[in-house]
Amino acid sequence: MTAAYETLNRMLAGSIPDAVELAGLLKAQGKLTERIYASADRTRAEKHGSAIHLRGIIEFSNVCKNNCWYCGIRCGNSKVKRYRMSADEIAASARNALEWGCGTVVLQSGDDPLLNAGELAALLRRIKLETGMAITLSVGVRTRPELEALKEAGCDRYLLRFETTSNALFTAMHPDESFEDRIRCLNDLRALGYQVGSGFMIGLPGVTLEMIANDILFATKLRLDMIGCGPFLPHPDTPFADKPLIEDRSLYYKAIAMLRILNPYAHIPATTAFDALEPNGRNLVLCRGANVFMPNITPGKYRRLYQLYPNKPCVDEEGSACAVCVRGRIAGLDREIGSGPGHSILKAEGDTI
Ligand code: SF4
């Protein structure tokens, strides 16, 4: 038996490999790759069953004060027409998400400097009152008092990706932020009782297999309730326009599969960027460890304006079309839509955080 097979077997028995061992497994080809996928899918089925939870995502503002090098809506991209949805538009979209079978609404924006915690809190209260849905926020790094106010207003979950554990890479790609501040924010979220989501971008320019392995291990160490990762895709209006994708596409999927094996209880979404990688990318991720799907509920007129990466799917659709499409996809996988809010099962399963 090769060392990589041994590493996989030990992971399946509950042990955590080191970065060198995990990098060796990321190189897997052929039958070993299939075994990694099958193991992840089995782990997902054992801990989460066949339900796929729907989290309807509303991209409610594309205004951002930051200049992350990989991002299509970075403030330096003057080609983007900026928008902010009104509270009425956001609440109406959330009601649509409920009607279309979502148990959670995800409110996502750029790091919008005019978006203050008071306004956000009022919006959260309104959505809770009108829909009763679970709410996830993804609005960038916030201070502890802001996070306290948002939790108080009914926010259940918060998503903030660390993107990479390489401090040098993080600093080079995020001129306006520090890695330490993101981790401070994640720690505050945990202390305040949020269900915490984080993750990283797979295949950022300059990463090595060992760095990806470190990212997987760091996400595991954080004991996350949700792990959201997607492939790096070069946006033409960014400094990374000419950077290539990883040649071995299976690496993107192996990373998700390994996250599942190491984090059996975490919710793992099939992130939209996988459909930009290849047309059935999200379906593949759902068969390789993921248990969450995030249909886009953003009104059609705004969708084209929120492109963090190119070839984003469904930008010409309206939410109702997405709802129908998602149901077809899930049925096609012989899975069903999860009922209820789909809260974290980490604590319920007695997993220590
Ligand atoms: S990744 Fe987020 S914070 Fe960075 S530029 Fe894009 S929207 Fe702004």
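Helix α10 is mostly covered in this predicted model, since 11 of its 13 residues are buried. The buried positions are Tyr252, Tyr253, Lys254, Ala255, Ile256, Ala257, Met258, Leu259, Arg260, Ile261 and Leu262, a list that includes Lys254 and Arg260 alongside Ile256 and Leu259. The helix reaches 18 Å from its first C-alpha to its last, close to the 18 Å expected at 1.5 Å a residue.

The same element, spanning residues 250-262, gives 9 residues to the largest nonpolar core, and this is the most that the core receives. That core holds 100 residues, of which Val105, Met258 and Leu259 touch the most other members. When residues up to four places away in sequence are left out of the count, Met258 touches Leu22, Leu25, Ile36 and Ile216. In soluble globular proteins, nonpolar side chains tend to be buried together.

Strand β5, residues 195-198, is covered on both faces, with Gln195 and Gly197 buried on one side and Val196 and Ser198 buried on the other. In a regular strand the side chains alternate between the two faces of the sheet. Strand β5 pairs in the parallel sense with β4 (residues 157-159) over 3 bridges, and Gln195 of β5 is the bridge partner of Arg157. Strands β5 and β7 also run parallel and are joined by 2 bridges, with Ile227 in β7 serving as the bridge partner of Ser198.

Two residues that are not glycines have a positive phi, namely Arg223 and Asp334, and the table sets out where they lie.

| Residue | Phi | Loop | Other C-beta atoms within 10 Å |
|---|---|---|---|
| Arg223 | about 50° | between α9 (209-221) and β7 (226-227) | 15 atoms |
| Asp334 | about 65° | between α14 (319-332) and β11 (336-337) | 7 atoms |

Are these residues exposed or partly exposed? Arg223 is partly exposed, because 15 other C-beta atoms lie within 10 Å and a residue must have 12 or fewer to be exposed and 20 or more to be buried. Asp334, by contrast, is exposed, because its count is 7, which falls under the limit of 12 or fewer.

Around the ligand, the shell consists of Cys64, Asn66, Cys68, Cys71, Ile73, Arg74, Gly110, Asp111, Gly140 and Leu308. By class, these residues divide into 5 nonpolar, 3 polar and 2 charged.

Note on methods:
Residues are numbered from 1 along each chain as its sequence is written. This is a predicted model: local features need pLDDT of at least 70, side-chain atom pairs count only at pLDDT 80 or more; totals for chains, interfaces and linings use all residues. A nonpolar core is a set of buried Ala, Val, Leu, Ile, Met, Phe, Trp, Tyr and Cys residues joined through C-beta atoms within 7 Å. Helices (H or I, at least four residues) and strands (E, at least two) are DSSP runs, numbered from the N terminus. Two residues are in contact if their C-beta atoms, placed from the backbone, lie within 7 Å. A residue is near a molecule or strand if its C-beta atom, placed from the backbone, lies within 6 Å of it. Ala, Val, Leu, Ile, Met, Phe, Trp, Tyr, Cys and Pro count as nonpolar, Asp, Glu, Lys and Arg as charged, and the others, Gly among them, as polar. The expected span of a helix is 1.5 Å times one less than its number of residues. Two strands pair if DSSP finds at least two bridges between them.
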